[in-house]
Amino acid sequence: MIDFHSHVLPGIDDGSRSTEESLALLRILREQSVDTVFMTPHFDAMHDTPELFLRKRSEALDRLTGALPADEGFPRLRVGAEVMYFYGIERMEALPELCLEGTRLLLMEMPVAPWSELTVKELIHLSCRGDMILMLAHIERYFDLQKPIVWERLLDAGVLMQINASFLTRPQTRRRALRMLRRGEAHLLGSDCHNCKNRPPLLGEAQEILCRKLGEDFLAQLNAFSYDLINN
Ligand SMILES: [Fe+2]
């Protein structure tokens, strides 16, 4: 399984605060059969330049890889970013550099509010221009705030939808998460883990639920789709 969204990198955002905590998160992810972890710290152009962000990210990565015990196997680590949307973001030249490492996938966090027509058009345009594949982060946070037609248009434009494992593990939202995955309204999972206590990785439990409710084949298909995306 791939974790498409995590805050495992130490000391760069509101996620892991130390290399020890990062290692603890990676051990939990490993236990949950996650073999590839995209570490996607928040990038907000209102507070950071891409250059500064990339430098901080590379320093955090060095700290983490320097602390990995050599005699222990860990998931493959790749960097990325959870990019906060702003109107006009499609003109940001460095945008492709913020894609998940080795892919054209751009993980985008959206405002928790109804989106304007200009915003929806910009997302569609970004998705259709061909140099990136747009993936919206934890869509469960904004799902009810948009009209159904907005989601139809984004799906038609090829936008990928990521949900958090907690959307599947919470009993109140589980049925909905399963329905969205089954209908192809959500495509990818992320732990969005920040720490071991309040926001731990829950991908193990999420996979169990998927397997139990939608079957092993469904989980295998979801995994195959995920690996295809990062390998092509
Ligand atoms: Fe996140």
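**Exercise 1. Locate Pro 171 and state whether this residue is buried or exposed.**

Step 1. Find the element. Pro 171 sits in helix H6, which spans residues 171–182. Helices here are DSSP runs of H or I with at least four residues, strands are E runs of at least two, and both are numbered from the N terminus.

Step 2. Note the ground rules. This is a predicted model, where local features need pLDDT of at least 70 and side-chain atom pairs count only at pLDDT 80 or more, while totals for chains, interfaces and linings use all residues. Residues are numbered from 1 along each chain as its sequence is written, and side-chain values use heavy atoms, with hydrogens and water left out.

Step 3. Check the surface. The relative accessibility of Pro 171 is 63%, so Pro 171 counts as exposed. (Buried means under 20% relative accessible area, exposed over 50%, partly exposed in between, with a 1.4 Å probe and protein chains only.)

Step 4. Take a distance. Pro 171 and Phe 74 are 97 residues apart along the chain, and their C-alpha atoms are separated by 30 Å.

**Exercise 2. Describe how H1 and H2 pack.**

Step 1. Pick the two quantities. Packed helices are described by the angle between their axes and the distance between the axes.

Step 2. Read them off. H1 and helix H2 (residues 50–67) meet at an angle of about 70°, and their axes are 10 Å apart. (Axes are lines fitted to C-alpha atoms, for helices over the stretch in contact, and angles run from 0 to 180 degrees between N-to-C directions.)

Step 3. Name the arrangement. H1 is therefore roughly perpendicular to H2. (Under 35 degrees is roughly parallel, over 145 roughly antiparallel, 65 to 115 roughly perpendicular, and the rest oblique.)

Step 4. Look at one residue of H1. Ala 24 is found in this helix. Ala 24 is partly exposed, because its relative accessibility is 26%. Its C-alpha atom is separated from that of Val 8 by 9.4 Å, with their positions 16 residues apart along the chain.

**Exercise 3. List the protein donors of the iron ion and classify their arrangement.**

Step 1. List the donors. They are His 5 (NE2), His 7 (NE2), Glu 82 (OE) and Asp 192 (OD), at 2.0 to 2.3 Å from the iron ion. (Donors are N, O and S atoms within 2.8 Å of the metal, or 3.2 Å for Na, K and Ca; water is not among the atoms, so sites may look incomplete.)

Step 2. Inspect the angles. The four donor atoms subtend 82 to 167°, so the arrangement is irregular. (Four donors are tetrahedral if all angles lie between 85 and 135 degrees; four are square planar and six octahedral if opposite donors are over 155 degrees apart and all others between 65 and 115; anything else is irregular.)

Step 3. Write the spacing. In sequence, the donor residues follow H-x1-H-x74-E-x109-D. Distant parts of the chain are linked: His 7 is in the loop between strand E1 (2–3) and helix H1 (19–31), and Glu 82, 75 residues apart from it, is in strand E5 (residues 82–84). His 7 and Glu 82 are both buried.

**Exercise 4. Compare the settings of Asp 192 and Ser 33.**

Step 1. Take Asp 192. The loop between strand E9 (188–190) and helix H7 (203–214) holds Asp 192. Its phi is positive, near 50°, though Asp 192 is not a glycine. Asp 192 is buried, with a relative accessible area of 3%.

Step 2. Take Ser 33. This residue lies in the loop between H1 and strand E2 (36–39). Its phi is positive too, about 65°. Ser 33 is partly exposed, at 49% relative accessible area.
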